[in-house]
Amino acid sequence: MSKGRVLVCDDEMLIRLWLEEHLREEGYAAEGVADGTTLLSALEREPADLILLDLRLPDASGLDLLPRIRALDPTLPVIMITAYGEVETAVAAVRAGAHHFLEKPIQLPELLLLIEQALETRLLRRELDQDREGYRWQFSDVVLVGRSYAMRKVAELITRLGIKGSPANVLIRGESGTGKDVVARAIHARGPRQAFPFIHVNCTALPENLVESELFGHEAGAFTDARGQKRGLFELADRGTIFLDEIGDMPKSVQAKLLHFLENHALRRVGGIRDLSLDVHVITATNRDIEKAVASGDFREDLFYRLNVVLVHLPPLRERPEDIAPLALHFVDLLCHELRLPQRHLSADALRALEHYDWPGNARELRNILERIVLLEDAEIIDVSHLPPRLRSVPEHGERTFVLPPAGVSLDDLERELICQALERTAGNKTGAARLLGLSRDTLRYRLEKYGIDGATARP
Ligand SMILES: Nc1ncnc2c1ncn2[C@@H]1O[C@H](COP(=O)(O)OP(=O)(O)OP(=O)(O)O)[C@@H](O)[C@H]1O
Ligand SMILES: [Mg+2]
């Protein structure tokens, strides 16, 4: 079986034949064409996996061909070949969507490496795209990604709350950067309140003496500086959602008032004499150990139980490494789109390096790192060399991660056990399991058969 169909488009016959020959030796199904028209018809006849395209062709410029190739296959990698000194045109080529460009004279090892990377990235993307449904949820304008069991459960919960239109109080817990904001916004966006305000309040950021009037408003003359009447954030959120972030930092004095609101769906402005009825969905979040604050008397226990009707726990990213790749691909797409930059791709090695890091700053750290690379590096393919040093160590085989027990071990049993664990962790997703084990999907499939493991239940 060939490693992929590569179309070589160059009008110089010697170069074309030379490339064809070497590519075939490397196991590619190479087909040479001499001009743009033949290239397009070859592509229409049978899909290709990669195109090597000379910038100057007798009947067209490679630059003009790019959009027509894109129209036939939007994700087909194209490596543009340019004459020495055509840097500007080459830059234009990359902007126009070429995967990469190479200057003549072509260095074979470099070319082969580029081809391999481009194909590997494309394969990976394809596999991920295949089960995109399983790892990407769109709640109105909020996108949530993840393929771990934990994220699937979260997505399911958001959907269920949305369908019921339930205003049950939700408490979101998780370390900093685990996605508490996204989840809160997703709950709002998925539910019947989406057309009404979503108000995010960071309880830590509010000065203590103002918290109460910020949240609940005040009447004229309620205190020295209160000249006119003011509506609070709860009133502004009427019929929508208020997201009280870092709820653990809410001053004790305000906690009683919040509890009153949760019990009566009504509040009184500071200095007011009447209760106002409001319909506000309250979502809270914290990365602190609230139980401790309850034990020390800093947080009211009755309020804690009120807020905690529905609990969403977001585990740290290091405990759900199968979410790293989908998050990384999502962030790269999103950042390129937001920053209006040409699409970038992550090399398979870079993805592996990202998956081997333990992410103390969780998804936010991942996003920040990718943002810096997308902004500062021009390369089309983000590779390990672009990553910060702390991430560059892809573990080599032979590194001592297991210690052989004194009594020895059955390799077959160990292998079977690890395969089962990988499948369990990825909820039966073979692409993800194969990646965790450093295997190709085919190799994994072969071993599943060998051990008689049912991929779906992950047990023999
Ligand atoms: N599952 C996810 N899908 C899509 N984007 C995510 C996901 N998790 C996190 N993000 C993104 O990662 C970044 C950090 O997440 P977020 O701000 O929600 O974290 P947080 O838990 O609220 O952190 P903090 O406690 O510091 O406020 C955001 O840009 C967010 O959009
Ligand atoms: Mg947050």
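Mentor: A residue is near a molecule or strand if its C-beta atom, placed from the backbone, lies within 6 Å of it. The structure under discussion is a predicted model.

Trainee: Which residues come nearest to ligand 1?
Mentor: The surroundings of ligand 1 comprise 18 residues. By class, this shell holds 6 nonpolar, 8 polar and 4 charged residues. Within the set of 18, those that come nearest are Ser176, Gly179, Lys180, Asp181 and Ala363.

Trainee: Which domains give at least three residues each to the shell around ligand 1?
Mentor: The protein is divided into domain 1 (5-130), domain 2 (135-315), domain 3 (321-385) and domain 4 (395-460). Elements supplying at least two residues each to the shell are β7 (142-145), α8 (180-190) and α16 (362-376). At the level of domains, at least three residues of the shell are drawn from each of domain 2 and domain 3.

Trainee: Between which domains does the largest nonpolar core lie?
Mentor: This core has 66 residues, and Ile172 and Ala328 touch the most other members. Helix α14 (residues 324-338) provides its largest share, 7 residues. Because residues of the core are given by two domains, the core lies between domain 2 (135-315) and domain 3 (321-385).

Trainee: Which residues does Ile172 touch, beyond those up to four places away in sequence?
Mentor: Ile172 is one of the two residues that touch the most other members of the largest nonpolar core. With residues up to four places away in sequence left out, Ile172 touches Lys180, Val183, Ala184, Ile283, Ala285, Val312 and Leu314.

Trainee: How many residues are in the second, separate core?
Mentor: Tyr28, Leu55, Leu65 and Leu114 are included in the second core. This core is separate, and its number of residues is 32.

Trainee: What distance separates the C-alpha atoms of Asn287 and Ile172?
Mentor: Asn287 is found in the loop between β13 (281-286) and α12 (290-295). Its contacts, leaving aside neighbours within four places in sequence, are Gly174, Glu175 and Ser176; Ser176 also belongs to the residues nearest ligand 1. Along the chain, Asn287 and Ile172 are 115 residues apart, yet the separation of their C-alpha atoms is 8.6 Å.

Trainee: Is Asn287 exposed, partly exposed or buried?
Mentor: A buried residue needs 20 or more other C-beta atoms within 10 Å, and an exposed one has 12 or fewer. Asn287 has 18 C-beta neighbours inside 10 Å, so the residue counts as partly exposed.

Trainee: What covers the buried residues of α9?
Mentor: Helix α9 spans residues 208-216, and Glu212, Ser213, Leu215 and Phe216 are buried in it. Just after α9, Gly217 adopts a positive phi of about 80°. The elements covering the buried residues of the helix include α10 (233-236), α11 (252-264) and β11 (266-267).

Trainee: Where is Glu246, and what is the value of its phi?
Mentor: Glu246 sits in the loop between β10 (241-245) and α11. The residue counts as partly exposed because it has 19 C-beta neighbours inside 10 Å. Although Glu246 is not glycine, its phi is positive, near 55°.

Trainee: What is the value of phi at Ser140?
Mentor: Ser140 occupies the loop between β6 (136-139) and β7. Ser140 counts as partly exposed, because 14 C-beta neighbours lie inside 10 Å. It is a residue other than glycine with a positive phi, near 55°.

Trainee: Which residues are joined by a cis peptide bond?
Mentor: The bond has an omega of about 0°. Its proline lies in the loop between β5 (100-103) and α5 (108-130). The residues joined are Lys104 and Pro105.

Trainee: Which residue of β2 stands opposite Leu7?
Mentor: Strand β1 (residues 5-9) is mostly covered, with 4 of its 5 residues buried. It runs parallel to strand β2 (residues 29-33), to which 5 bridges join it. Opposite Leu7 stands Glu31.

Trainee: How far apart are the centres of domain 2 and domain 4?
Mentor: The protein contains 19 helices and 16 strands. Its C-alpha atoms fill a box of roughly 90 × 65 × 40 Å along the principal axes. Taken over C-alpha atoms, the separation between the centres of domain 2 and domain 4 is 43 Å.

Trainee: What percentage of the residues is buried?
Mentor: Of the contacts with a separation of 6 or more, 70% are between residues 24 or more positions apart. Among the 460 residues of the protein, the buried share is 36%.

Technical notes. Residues numbered from 1 in each chain as written. Chains lettered and ligands numbered in written order. Predicted model: local features only at pLDDT ≥ 70, side-chain atom pairs only at ≥ 80, totals over all residues. Nonpolar A, V, L, I, M, F, W, Y, C, P; charged D, E, K, R; others polar. Domains from an automatic or database assignment. Core = buried A, V, L, I, M, F, W, Y, C linked by C-beta atoms within 7 Å. Contact = placed C-beta atoms within 7 Å. Pairing = 2+ DSSP bridges.
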